[in-house]
Amino acid sequence: MTQPKGFKSANRRYLQAFWPLMSMYVVTVVVTSSFIDMETAGASVRIGSAAATTLPLAGVLWVMLRLIAETDEYTRLRQLTAMARGGAITAALATFVGFLQIYGAIEGFPVFLLGPFFFLAYGFSYGAACLGKRD
Amino acid sequence: MKNIIRALRAERGWSQQDLADKLDVSRQSVNAIETGRYDPSLPLAFAIARLFGRSLEELFDDGPSVAEAAE
């Protein structure tokens, strides 16, 4: 298990891994959406493209969790609290959308949007906590 | 929990960021501890005590004990 390393070195390790992974994500999104015709591509190309785009993002999630494990205790508490709030808001939204679909009010909601929504809710929760505590 | 960290820091002319750098924590951590919004873990509390050359009892005050409160 990752051990706490302190605020500065944890942040440095996070940024060293975050930017290459995020750049890989952007490049794979651009390449797969611009240079591959998904309508005519075979199943293996579609699955491969989806995996290639997902892997860097999974890496970003992993370095986020590593940052939380390695950073100082107060930052860890704040990050985990914001993540829990973001997760709760996202779960509530997913439930609402699920019932809307069951009751026939909407159809075909893209599940893909829940990921970005989680990060939005997580970010807002973290920002609101910072503002509320006047850190 | 009340503490005298802000006063000790001010005595030395350190900013919150200076103290945060010495403890390898975020400036927000120092602010939260100084204002009593966050109680540090024992390892961090000992690190603060060592840095200021004080005991934990001198740094932190958890208010009257149960026995004292009952009197």
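## Ile48(B) and the core around it

In this predicted model, Ile48(B) is in contact (heavy atoms within 4.5 Å) with Ile5(B), Leu23(B), Ile33(B), Pro40(B) and Leu59(B), leaving aside residues up to four places away in sequence. Ile48(B) is also, with Ile5(B), Phe52(B) and Leu59(B), among the residues with the most contacts inside the largest nonpolar core, which has 19 residues. Such a core is a set of buried Ala, Val, Leu, Ile, Met, Phe, Trp, Tyr and Cys residues joined through side-chain atoms within 4.5 Å, where buried means under 20% relative accessible area (1.4 Å probe, protein chains only).

Two or more residues each come from α1 (5-11), α2 (16-23), α3, α4 (42-52) and α5 (56-59) of chain B; helices are DSSP runs (H or I, at least four residues). The most, 5 residues, come from α4(B). A second, separate core has 13 residues, including Tyr14(A), Leu21(A), Ile68(A) and Tyr122(A).

## Interface of chains A and B

Chain B places 14 residues in contact with 13 of chain A. The buried area (accessible area lost on being put together, 1.4 Å probe, summed over both parts) is about 1,100 Å², with 47% from carbon and sulfur atoms. Asp24(B), Arg37(B) and Tyr38(B) supply 44% of what chain B buries against chain A, more than any other three residues.

## Basis

Residues are numbered from 1 along each chain as its sequence is written, and chains are lettered from A in the order in which they are written. Local features need pLDDT of at least 70, side-chain atom pairs count only at pLDDT 80 or more, totals for chains, interfaces and linings use all residues, and side-chain values use heavy atoms, without hydrogens and water.

Technical notes: Buried area is the accessible area (1.4 Å probe) that two parts lose on being put together, summed over both. Buried means under 20% relative accessible area, exposed over 50%, partly exposed in between (1.4 Å probe, protein chains only).
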